[in-house]
Amino acid sequence: MAAVTTSAERSLNKLAIVGVLIVTMIFLAPIYWIASTAFKPRNLATTIPPTVVFQPEISPFVKLFTKRSQLRTAPTPEQYAAAPWWERLVFDGGEKVVRSGRGEVQWSGYPSRFMNSLIVAITSTILAVGMGTFTAYGFSRFKIKGEQDLLFFILSTRMLPPVVVAIPMFLMYRVVGLNDTHWGLIILYTAFNLSFSVWLMKGFMDEIPKEYEEAALVDGYTRMEAFFKIVLPEAATGIAATAVFCFITAWNEYAFALIMTNRRAQTAPPFIPSQVGSGLPDWTVIAAGTFLFLLPVAIFTFLLRNHLLRGMSFGAIRK
Amino acid sequence: MATAVLTTLDPNSRSAARGMSDLTIRNLFIIPTIVFLIVFNIFPLIYSLGYSFTDFRASSPAAANFVGLQNYRELLNDPFIWSNFAITAKYVIVSVVGQVIVGFGVALLLNRDIPLKGLLTTLLLLPMMLSMAVVGLFWKLLYDPSFGIINYTLGLGSFEWLSNPDMALYAVAITDIWMWSPFVMLLSLAGLSAVPKHLYEAAAIDRAGSFYTFFRITLPLVAPILMIAIIFRTMEAFKTFDLAYILTSQPTTEVISIRLYKMAFQEWQTGRSCALAYIVLIMILAITNIYVKYLNKVKER
């Protein structure tokens with residue numbers, strides 16, 4: 001805004017700085033609380049007053065990845081000494097790691113759900129961005145009858161409430177056996193992200209001057225060669241930004257995953273809440289699972305920071 | 001010679017001569033996407049339109065019987081469904097108004113000489129990028145009456161948030177405001193930074209008060225973008241499912257998507273739920289239409 005001049009303006013500005021700092025602290029408090037709970041011993045997770053200063057522990061993450069059961073009797077000193085360091089952390093919490101008959105450590109449900117999330121989000125992102133890039137180029141460069149209507153149609157598919165789409169998809173998947181499979185979710189997420197990817201990529205394509213390809217065409221390139229050798233490299237940033245947005249959307253999605261998967265292909269968002277069953281949940285383990293799940297998105301948000309506006313407005317506002 | 005140069009410059013005939021024609025490429029690039037969306041979005045909707053006229057139950061082997069408009073008639077006359085819509089409307093109003101006040105307010109604060117503005121803005125935007133379901137779950141701990149940090153910080157003792165039928169919807173809306181105010185802030189910031197500085201300078205020369213400047217210059221110029229934010233958030237709040245479903249199971253927070261989910265996947269009233277889905281769908285399409293009109297309007301500026 002206008003340069004700070006008067007002293008009244010200057011003190012107003014100071015007030016704004018204080019305001020922004022307070023708001024930022026309030027907004028980050030829940031995220032901070034997740035991160036700090038993920039490193040707390042269980043007995044400090046739910047104390048009054050809340051525990052802010054503590055010795056951080058890695059035990060919530062050990063518990064997150066292993067199957068555990070309550071200890072009936074304390075481990076003998078020999079058992080304790082023979083156990084690896086991470087197993088001792090579980091002993092310290094009054095639990096033991098479940099092992100198979102041959103002594104192999106049993107994993108919890110978390111790692112496989114995390115993998116499912118990765119598989120589904122990455123595959124659907126590749127498909128949606130791939131198809132979206134071609135389509136966006138088509139809309140950007142060629143005359144299309146009823147272009148506005150087609151674009152509206154494409155966008156409207158994105159706006160459908162997940163539960164509305166999920167009912168018929170569930171019935172159809174049941175017929176073809178796609179319920180609780182990776183491909184079932186991948187198809188849904190691709191369809192969901194495709195419209196977004198077309199809209200966003202069209203904005204990026206519109207910004208690449210037509211003259212670039214026209215010069216290439218004059219030089220004897222075919223349209224396809226011009227697209228792959230001239231347009232795609234120019235659109236690389238846009239493609240990367242679109243891909244990150246699609247990944248985050250698929251990664252975070254809950255309703256479809258809840259309805260379409262239950263075990264084999266279940267992703268992390270429906271799995272993490274399902275751990276809060278009856279009784280007292282171990283919030284440190286939930287926090288650890290949440291923390292690991294949020295980490296990639298937090299990193300991506302920083303990488304994307306200059307494209308957030310564009311992405312969130314479907315490419316309409318470019319700054 | 002002159003014509004020869006012209007034909008070389010014309011991309012259509014050039015690429016037609018070698019490689020695929022532009023028409024083929026256009027179709028090749030666009031048709032797969034359209035077909036994909038028709039097969040996986042439109043076809044299922046036609047499928048469910050069919051079921052909406054039946055008494056089909058996906059949990060029973062019995063064949064579907066055609067019942068005509070009975071599902072629609074019953075739904076529209078069902079006071080419980082209307083109360084679900086009323087809950088949804090209340091939720092939309094509380095959460096969108098809250099997001100606009102907080103989001104626009106913070107944008108006004110940020111639209112000054114703030115050190116580390118870029119970093120602070122990115123940090124403030126973080127909540128909206130996170131998974132509603134997963135982060136929403138954690139708010140259960142924050143809202144906990146006995147050891148939640150919200151009650152502790154605000155000194156509310158053991159105030160019940162989520163298990164209190166009168167409070168639960170507001171608690172869900174507060175979490176939603178936390179997550180999505182950043183979205184309104186982001187769009188508002190774009191609108192604010194686009195207001196030409198000379199307007200403020202002219203207002204200062206005319207000794208216009210800050211009140212006047214805000215209502216006569218800032219607000220009218222930011223309004224179109226703010227409107228996009230409001231319509232988009234209204235649409236999303238209307239569809240809301242994750243947060244309310246995870247945070248509470250109160251009847252007072254049963255928004256229409258949750259009712260629909262329960263009807264379809266817990267009560268297995270498949271035919272009826274398809275009809276309800278259609279009623280919701282028509283409402284959403286109406287809002288989407290308004291939204292796209294605004295998007296195009298802002299784009300043209």
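In this predicted model, the largest nonpolar core holds 171 residues, and Ala166(A) and Leu187(B) touch the most other members. The greatest contribution to this core comes from helix 9 of chain B (residues 168-193), which supplies 16 residues. Setting aside neighbours within four places in sequence, Leu187(B) has contacts in both chains: Ser313(A) and Ile317(A) in chain A, together with Ile225(B), Leu226(B), Ile228(B) and Ala229(B) in chain B.

The contact between the chains draws 84 residues from chain B and 83 residues from chain A. On the side of chain B that touches chain A, helix 3 of chain B (residues 22-51) gives the most, with 15 residues. That side of chain B consists of 61 nonpolar, twelve polar and eleven charged residues.

For chain A, an unreviewed UniProt entry carries the annotation "transmembrane region" for residues 12-35, 118-139, 151-171, 183-201, 230-251 and 283-304. The table describes two spans of chain A.

| Span of chain A | Helix | Strand | Distance between end C-alpha atoms |
|---|---|---|---|
| Residues 151-171 | 90% | 0% | 28 Å |
| Residues 283-304 | 100% | 0% | 30 Å |

The domain assignment divides chain A into domain 1 (7-37), domain 2 (67-106) and domain 3 (111-312). Between the C-alpha centres of domain 1 of chain A and domain 2 of chain A there is a distance of 45 Å.

Confidence in the prediction can also be described for chain A. The mean pLDDT of chain A is 91, and 97% of its residues reach 70 or more. Within chain A, confidence is highest in helix 5 (residues 110-141), at a mean of 97, and lowest in strand 1 (residues 68-70), at a mean of 85.

One residue of chain B, Asp55(B), may be considered in detail. Asp55(B) lies in the loop between helix 3 and helix 4 (70-76) of chain B. Asp55(B) counts as partly exposed because it has 17 C-beta neighbours inside 10 Å, whereas a buried residue would need 20 or more and an exposed one would have 12 or fewer. Not counting residues up to four places away in sequence, Asp55(B) touches Ala64(B), Asn65(B), Val67(B) and Gly271(B). Asp55(B) and Tyr245(B) are separated by 190 residues in sequence, and their C-alpha atoms are 26 Å apart in space.

How values were computed: Residues numbered from 1 in each chain as written. Chains lettered and ligands numbered in written order. Predicted model: local features only at pLDDT ≥ 70, side-chain atom pairs only at ≥ 80, totals over all residues. Core = buried A, V, L, I, M, F, W, Y, C linked by C-beta atoms within 7 Å. Helix = DSSP H or I, 4+ residues; strand = E, 2+ residues; numbered from the N terminus. Contact = placed C-beta atoms within 7 Å. UniProt positions renumbered as here; feature names shortened; annotations may be inferred. Nonpolar A, V, L, I, M, F, W, Y, C, P; charged D, E, K, R; others polar. Domains from an automatic or database assignment. pLDDT = per-residue confidence, 0-100.
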